[in-house]
Amino acid sequence: MARFYKVGSTAAAIGAIHILTLLLGWYVQTDAGSITELAGYVFPESLMLSLIGGLMAGIGLLLGHVLKRLKSIKYSIGALTVIGGLMAISSPIYAYLQRILALGIKGYPTIGFFAAILTGVIQLGVGSLALLTPIKEEVVPATQAPAPTPPPAVTPAPAQPPIPRAPSGRARGATTRILPAPDLEEAVCSICYEPIPAGEAMRCMNCDAVFHRGCIEAWLSLNGTCPICKAVVVS
Ligand SMILES: [Zn+2]
Ligand SMILES: [Zn+2]
């Protein structure tokens, strides 16, 4: 989840830089006897496209903070950043085709023009990255050793009591049990953030966090503690 916010912040920063390129010279006009530098903001359509396009990434990020589901966060940040990136790219190209070429202005594009295209392309790339990042990857807690493969969805066999590890100093003696909570409805798993089908929730008796059976069993096979409150899980 944190990764999507990171991607979103990057995209928002790129979007802001793109908006700043409006202040740079986009084009140098050489046919009026004198040399005039035309900044990006003098083209009204480009001004709008770049402003909205650049802001889109920021809006996606804000929306991402409001949304709860990881999937919605991903699509909000990804899609808005991609759309904004496309607008950002089209802004200097539109200025060039519709203003410079169509009006027959002589001159050449300058650094701001290329900076505007480049920032648009980067924004598009960052947005696509957010869309292509598989959500499953986010499930692996950063502290967890790279497990070869998580145990395949264990059929609800008589749950063997998880073996408590030696409490490694932390959570001074707090213990908990993680038990089925069959009456829970519309719960969201604290490990993978996906909804838990009715009757399949497991609940930490210490902090009330709920999990998929598969998620918490995979976690407990590597750690003897609750992933949320760190209390040592005893049988
Ligand atoms: Zn889960
Ligand atoms: Zn807990």
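## A walk through helices, sheet and loops

Start by colouring helices α1 and α2: the two pass one another in a left-handed crossing (left-handed means that the near helix is turned anticlockwise from the far one by less than a right angle, right-handed that it is turned clockwise). What you have open is a predicted model, in which local features need pLDDT of at least 70, side-chain atom pairs count only at pLDDT 80 or more, and totals for chains, interfaces and linings use all residues. Residues are numbered from 1 along each chain as its sequence is written, while chains are lettered from A and ligands numbered from 1 in the order in which they are written.

**Stop 1: α1 against α2**

Stay with this pair and select residues 44-66, which make up α2. The axes of α1 and α2 lie 8 Å apart, and the packing angle is about 160 degrees (axes are lines fitted to C-alpha atoms, for helices over the stretch in contact, and angles run from 0 to 180 degrees between N-to-C directions). The angle is why α1 counts as roughly antiparallel to α2 (under 35 degrees is roughly parallel, over 145 roughly antiparallel, 65 to 115 roughly perpendicular and the rest oblique).

Now show the side chains where they meet. On α1, pick F4, Y5, G8, S9, A11, A12, I14, G15, A16, H18 and I19; on α2, pick S50, L51, G53, G54, L55, M56, A57, G58, G60, L61 and G64 (contact means C-beta atoms, placed from the backbone, within 7 Å). Sorted by class, this contact has twelve nonpolar and ten polar residues, with no charged ones (Ala, Val, Leu, Ile, Met, Phe, Trp, Tyr, Cys and Pro are nonpolar, Asp, Glu, Lys and Arg charged, and the others, Gly among them, polar).

**Stop 2: α1 against α3**

Keep α1 (residues 2-20) on screen and add α3, residues 70-101. Their axes come within 10 Å and cross at roughly 20 degrees, which means that α1 is roughly parallel to α3. This crossing is left-handed. Which residues of α1 and α3 meet here? From α1, select F4, V7, G8, A11, G15 and H18; their partners in α3 are I73, K74, I77, T81, G84 and A88. The contact of α1 with α3 holds six nonpolar residues, five polar and one charged.

**Stop 3: the three-stranded sheet**

Hide the helices and look for an open sheet of three antiparallel strands, ordered β2-β1-β3. Strands of a sheet pair through backbone hydrogen bonds, either parallel or antiparallel. At the edges are β2 (36-39) and β3 (107-109), each pairing on one side only (pairing needs at least two DSSP bridges between two strands). From one strand to the next, the twist averages 20 degrees.

Zoom in on β1, residues 25-29, which pairs with β2 through four bridges. Label G25 and you will find A39 of β2 opposite; label V28, and E37 of β2 faces this residue. Towards β3, β1 has three antiparallel bridges, and Q29 stands opposite G107.

Bring back one more helix, α4 (residues 111-132): this helix lies across β1, β2 and β3, at about 145 degrees to β1. Select I111, which is part of α4, together with W26. The two are 85 residues apart in sequence, yet their C-alpha atoms are 6.4 Å apart. Is I111 buried or exposed? I111 is exposed, because 12 other C-beta atoms lie within 10 Å (20 or more such neighbours make a residue buried, 12 or fewer exposed, anything in between partly exposed, with C-beta atoms placed from the backbone).

**Stop 4: two loops**

Most residues other than glycine have a negative phi, and most peptide bonds are trans. Go to the loop between β5 (178-180) and β6 (187-188) and select E186. E186 is not a glycine, but has a positive phi of about 55 degrees. E186 is exposed, with 8 C-beta neighbours inside 10 Å.

Next, move to the loop between α5 (213-220) and β10 (232-233), where K230 sits. Here phi is positive too, about 65 degrees, in a residue that is not a glycine. K230 has 16 C-beta neighbours inside 10 Å, so K230 counts as partly exposed.

**Last stop: zoom out**

Show the whole protein: five helices and ten strands (DSSP runs numbered from the N terminus, helices being H or I of at least four residues and strands E of at least two). Of its 235 residues, 34% count as buried. Among contacts with a separation of 6 or more, 72% link residues 24 or more positions apart.

Conventions. Contact = placed C-beta atoms within 7 Å.
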